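Subject: Structure handover

Hello,

Here is the structure I promised to pass on. Please open it first, then read my notes beside it.

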Amino acid sequence: MTDRACYFISGSPPCWSVMLALAVKGLSYDARRLSNSAGEQKSAEFLAINPRGNVPVLVDGDVTVRETNAILAYLDAAYPEPPLFGTDKVQTAEIWQTVCEAGDRLRAPIGNLVRPIFRKRSAEKADEIMTAIEPVYQELSALEANLANRHFVCGSDISAADLIVFPAVMQLLRGANYDGADGLDLQVLPLDEHYPNLADWARRIEAIPGYEAAYPPHWR
Ligand SMILES: N[C@@H](CCC(=O)N[C@@H](CS)C(=O)NCC(=O)O)C(=O)O
């Protein structure tokens with residue numbers, strides 16, 4: 001029995017980031033899945049936990065935290081080992097910079113471009129999707145170059161930056177492989193061919209103990 005719970009929607013990159021952080025920290029938790037299609041995040045019961053009605057939310061004993069980055073920072077303060085935000089000011093600056101930029105330049109645009117694919121509207125939205133992915137390619141290429149001589153996005157150790165970038169990249173791959181993406185070549189699969197360093201990096205993250213428990217249930 002644990003006094004820690006993570007409220008999540010399956011397949012949500014922010015939720016996955018938090019669950020991966022819990023895995024990296026080796027913390028047990030109750031994974032409380034909410035149904036987006038049933039609108040459970042807007043239920044009176046959940047609004048009592050988060051009046052904004054969105055996820056992820058971490059409840060850790062008597063502390064309740066919403067917002068992905070706030071949760072990651074909270075976890076690092078409450079459970080310092082292993083650190084998610086580096087051990088010196090230069091690392092901390094780079095990690096926070098990457099976390100913020102990845103939210104804006106990867107997670108948000110990828111979420112926007114895969115949504116029509118998941119809704120099986122990729123044929124009618126093909127031009128918009130292919131335009132929207134252009135800046136994402138630039139980010140992926142920069143990551144690919146960066147990972148040529150680093151094991152993780154901000155150095156030799158996993159950090160919050162990896163935990164934000166990884167779910168976004170995985171969502172893009174799922175979109176590229178989705179039934180509804182028929183006829184649309186997003187130029188990311190197979191990842192080993194398009195971005196081999198990213199593929200190696202993804203395998204390092206997949207090897208984290210606790211990875212399986214964090215994996216989006218409806219993707220299994
Ligand atoms: N900035 C927020 C974004 C949270 C967010 O967009 N959550 C989505 C899931 S990815 C959600 O709860 N959507 C359902 C809703 O807003 O009703 C964070 O990173 O925590």
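The notes below cover the ligand site and then the aromatic rings.

Please keep in mind that this is a predicted model.

The ligand

Start with the ligand. The space it takes is the largest pocket. Eleven names are worth marking in your viewer: S12, P14, Q41, K42, G53, N54, V55, P56, E67, T68 and R107 surround the ligand.

Three of these residues have polar atoms to look at. The side chain of Q41 places an N or O atom 2.9 Å from an oxygen atom of the ligand. V55 uses its backbone instead: an N or O atom there lies 2.8 Å from a nitrogen atom of the ligand. At R107, a polar side-chain atom is 3.3 Å from a ligand oxygen atom. How much of the ligand does the protein cover? On its own, the ligand has 510 Å² of accessible area, and the protein covers 68% of that.

S12 deserves a second look. It is one of the residues around the ligand. S12 sits in the loop between β1 (4-8) and α1 (13-25). Is S12 buried or exposed? Its relative accessible area is 15%, and the cut-off for buried is under 20%, so S12 counts as buried. For a sense of distance, take D127: it is 115 residues from S12 along the chain, and their C-alpha atoms are 25 Å apart.

The aromatic rings

Now the rings. The count of aromatic pairs is eleven. One of them joins F118 and Y178. This pair is edge-to-face, with 4.8 Å centre to centre and 65° between the planes. F118 belongs to helix α4 (residues 89-118), while Y178 lies in the loop between α6 (160-176) and α7 (191-194). The two are 60 residues apart, so the pair links distant parts of the chain. F118 is partly exposed, at 26% relative accessibility. Y178 is also partly exposed, at 26%.

Another pair is F166 with W201. Here the centres are 5.8 Å apart and the planes meet at 65°, which is again edge-to-face. F166 is in helix α6 and W201 in helix α8 (residues 196-206), so the pair ties together parts that are 35 residues apart in sequence. Both F166 and W201 are buried.

Which residues do ring pairs link into a cluster with F166 and W201? They are W16, Y211, Y215 and W219.

Over to you.

Best wishes

How values were computed:
Residues are numbered from 1 along each chain as its sequence is written. This is a predicted model: local features need pLDDT of at least 70, side-chain atom pairs count only at pLDDT 80 or more; totals for chains, interfaces and linings use all residues. Side-chain values use heavy atoms; hydrogens and water are left out. Rings of Phe, Tyr and Trp (its six-membered ring) pair if their centres lie within 6.5 Å; planes under 30 degrees apart count as stacked, over 60 as edge-to-face and the rest as tilted. Helices (H or I, at least four residues) and strands (E, at least two) are DSSP runs, numbered from the N terminus. Buried means under 20% relative accessible area, exposed over 50%, partly exposed in between (1.4 Å probe, protein chains only). A residue is near a molecule or strand if one of its heavy atoms lies within 4 Å of it. A polar contact is a pair of N or O atoms within 3.5 Å; within protein, one must be able to donate a hydrogen and the other to accept it, and residues adjacent in sequence count only if both atoms are side-chain atoms. Accessible areas come from the Shrake-Rupley method with a 1.4 Å probe; for residues, only the protein chains shown count as cover. On a 1 Å grid over the protein atoms alone, a cavity is a set of points where a 1.4 Å probe fits but cannot get out, and a pocket is an open set with protein on both sides within 12 Å along at least five of seven lines; lining residues have an atom within 4 Å of a point. A molecule sits in a cavity or pocket if more than half of its atoms lie within 2 Å of its grid points.
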